[in-house]
Every structure is written in structure tokens, then in C-alpha cells.
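Biologist: Could we go through this structure together? I should like to begin with a single residue and then turn to the sheet.

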Amino acid sequence: MPPVVLVAPAAFKGTLGPRQVAEAIATGVRRAFPEAVVLECPVADGGNGLLDVVLPAGALRERLEVTGPIGDRVSAEIGWIDGETAIIESASACGLALVEPEDRDPLRTTTRGVGELIWTAADRGARTIVVGLGGTATVDGGTGAARGLGWTFENAAGEQLPDGGGPLADLASFVAGWGLSARVVALADVATPLIGPDGAAPVFGPQKGARPEEVPQLVAGLTRLGQLWAQAGHPELATVPMGGAAGGLAAGLVFFARAELAGGAAWVLERAGFDAALAKADLVITGEGAFDRTSLVGKAPGEVLRRAQAARKKVAVVAGRVDGLIGVHAICGDGDGRMLDAAALARMAEQVAREALPR
């Protein structure tokens with residue numbers, strides 16, 4: 001019987017999308033085993049590559065200008081799964097990749113464009129809007145997205161607060177925005193809560209440009225936001241798992257848009273029919289630019305690895321860098337994946353297939 005190999009990688013950020021990675025790995029597997037049955041199932045978890053993985057071939061994808069993370073206009077994207085179901089990546093409106101390194105400042109970056117995308121999708125007939133939360137440049141608790149939905153935020157003097165996470169420590173009140181009839185599903189790639197020692201500000205603030213002395217200001221702002229949510233009848237939002245995703249955008253969407261939180265990896269794998277393909281596989285190959293212990297907590301490749309191991313399947317990882325994994329067959333480059341092209345991935349996949357499935 002020819003081997004069945006399930007190829008289920010995520011994007012290599014800055015280099016290749018998930019489908020391109022899957023195609024490259026599949027090419028390498030077929031070199032090693034020309035007779036192999038290769039099942040391609042590219043994956044995502046709410047971050048980079050979500051639309052590429054979820055949208056069927058020929059699906060409508062439209063671009064429109066929205067407010068970017070530092071207040072300028074950027075071109076973002078809405079995809080349509082069907083006529084009533086829209087899907088967006090938050091990173092297309094407020095992603096870290098949209099901000100030059102010297103301009104990264106979560107005290108002022110905003111998720112406003114995400115709210116504008118949600119409102120536009122609803123205005124165009126979406127009854128369900130799926131929002132991927134990964135890769136943002138923000139720690140504003142979703143207050144920017146709320147502004148895009150018509151909400152306003154004031155300090156004790158009744159003055160409008162500027163955008164960003166920094167001013168939130170002075171938040172005294174907010175006023176509800178326009179009515180949003182669409183159901184919103186927010187896909188998180190982490191289990192981080194809004195506040196606490198492992199909350200959004202200390203975990204994500206430095207990644208998004210916050211200096212050590214600025215993190216306490218972000219913590220104070222999110223804490224104040226959580227207090228006002230508690231006063232409004234939602235004390236759980238400050239500590240709910242996944243609420244801190246995208247710098248608190250997850251919890252913000254729950255409050256401001258009545259969103260449902262879901263694990264992005266599980267949501268995508270279910271839609272992709274991953275478990276059915278897994279049942280047939282002799283070997284599973286996953287990968288991403290950098291695979292480490294954080295990949296095991298909410299990321300799509302980590303979920304692939306977990307399910308493959310639970311099913312007692314052989315599993316291998318192809319990545320630009322692999323750190324801290326024990327008992328997992330892995331092959332990696334010499335960085336975070338940004339120097340790997342399709343040809344390099346195919347060579348690595350050929351090697352890992354020969355090693356994992358010896359003749």
C-alpha cells in the first residue's frame with residue numbers, strides 16, 4: 001500500500017502563504033515517495049493566511065480603505081465564504097506588518113479599521129462575520145474597533161479620548177454605538193486573558209513596540225476598561241481565556257459587538273475536514289516559520305501536532321527554526337522561515353519524509 005501523507009502547514013510569515021507552503025512540502029514528499037498519496041490541508045489559526053485557507057477557489061475578495069494602525073488609510077480585505085458570511089483578518093487593517101519598526105507604539109496604535117471592516121460587511125448583507133485576531137500592532141482592548149462601530153470614549157472631564165492603549169487609564173465612560181445585527185465570531189490564536197501577570201499588556205506589549213516603562217500604562221488602561229465592563233455587567237471579560245488576543249481586541253469584540261470567542265485553529269481544522277484526512281494518514285507534516293512551545297498553545301501547527309499525536313500518527317515538523325520540542329521529528333532552517341523559499345521547503349520535506357517513513 002502506498003503511504004498516505006497529510007501535509008498541514010501554516011504560513012511562513014513574510015515569505016509564503018499556507019497554500020504555497022503546502023504545495024512546496026507536497027512536492028518534496030512526492031520526490032521521496034512518488035507513489036505516495038499526498039493530502040494537502042493548509043491551516044491557519046486566525047492570523048496570517050486565514051482567508052487563503054478558508055475561502056474556496058473563486059470566492060469574492062474585496063479590498064477597501066480603512067483606518068490603519070497609526071491613523072493613516074490602508075487597504076484591507078473582506079472575504080466572502082458565501083453571500084451571508086464574511087471573513088476578515090484583523091492584521092489587514094491593524095497588523096504589525098503595516099507599521100515601520102520605529103513607529104510601533106501600542107500606546108497609540110488602534111484597531112479602528114477592524115470595526116470599519118465589520119460595519120461594512122454587515123452593511124453589505126453579512127449575517128455572520130468571522131474575525132481572525134492574529135498579528136495586530138495594538139493593545140487597545142478593542143476600543144478602536146468599537147469606534148469604528150460608532151462607540152465613543154470619554155475621560156472624567158467629558159473629553160473624547162485619543163485612540164490607542166495609552167489613554168485608556170483615563171477612561172471614565174463610554175457611549176454605545178450603532179446597532180450591529182450581524183453575528184460576530186472572533187478567532188483567537190492564544191489563551192491569554194485581558195489582564196493579570198500573563199495578560200495582554202505584559203505578554204504582547206513588548207512585541208508591539210512598548211518599552212518596559214510603558215507596559216504598566218497599558219496594564220492600567222486595560223484594567224480600567226475591565227472595571228467599566230464589570231460595572232456594565234460583564235466582570236468575566238477581564239479574565240476570560242482568549243480575551244487578551246490581539247491586545248484585548250478579543251474581549252473588546254465580545255463586549256462591543258457581542259462576539260463569540262472561538263479557538264481559531266480548531267475552527268479552521270473543522271472547516272477543512274482535517275480529522276477525516278488524519279484518519280487516513282500514515283504521516284502528518286506540519287510547519288511554520290518558527291515552531292516553539294508557543295506554537296503548542298493555540299497555534300494551528302500545534303493543534304495539528306496535538307491531534308496527530310492523539311491519533312498515534314507519525315508526525316514531523318518543517319520550520320525555519322525549531323526550539324524546545326522533545327520527541328518530535330523536526331527539520332529546520334537557520335532562522336524564522338523568512339529565508340526559506342519553495343525550493344528549500346521542498347528539499348526539507350523530501351528529507352523529513354525519507355527519515356520519517358523509511359523504506
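Modeller: The discussion below takes up one residue, then the sheet and its helices. This is a predicted model, in which local features need pLDDT of at least 70, side-chain atom pairs count only at pLDDT 80 or more, and totals for chains, interfaces and linings use all residues. Residues are numbered from 1 along each chain as its sequence is written, and side-chain values use heavy atoms, with hydrogens and water left out.

Biologist: Where is isoleucine 118?

Modeller: Isoleucine 118 belongs to helix α4, residues 112-123. Helices (H or I, at least four residues) and strands (E, at least two) are DSSP runs, numbered from the N terminus.

Biologist: Is isoleucine 118 buried or exposed?

Modeller: Isoleucine 118 counts as buried because its relative accessibility is 0%. Buried means under 20% relative accessible area, exposed over 50%, and partly exposed in between (1.4 Å probe, protein chains only).

Biologist: Which residues is isoleucine 118 in contact with, leaving aside neighbours within four places in sequence?

Modeller: They are Ile88, Ile129, Val131, Leu149, Leu180, Val184 and Leu253. Contact means heavy atoms within 4.5 Å.

Biologist: Now the sheet: what is the order of its strands?

Modeller: The open sheet has six strands in the order β3-β4-β5-β6-β9-β10, with mixed pairing. Two strands pair if DSSP finds at least two bridges between them. Strands β3 (61-67) and β10 (260-263) stand at the edges with a single partner strand each, so one side of each has no neighbour in the sheet.

Biologist: How many bridges join β6 to β9?

Modeller: Five bridges join these parallel strands, and isoleucine 129 stands opposite valine 184 in β9.
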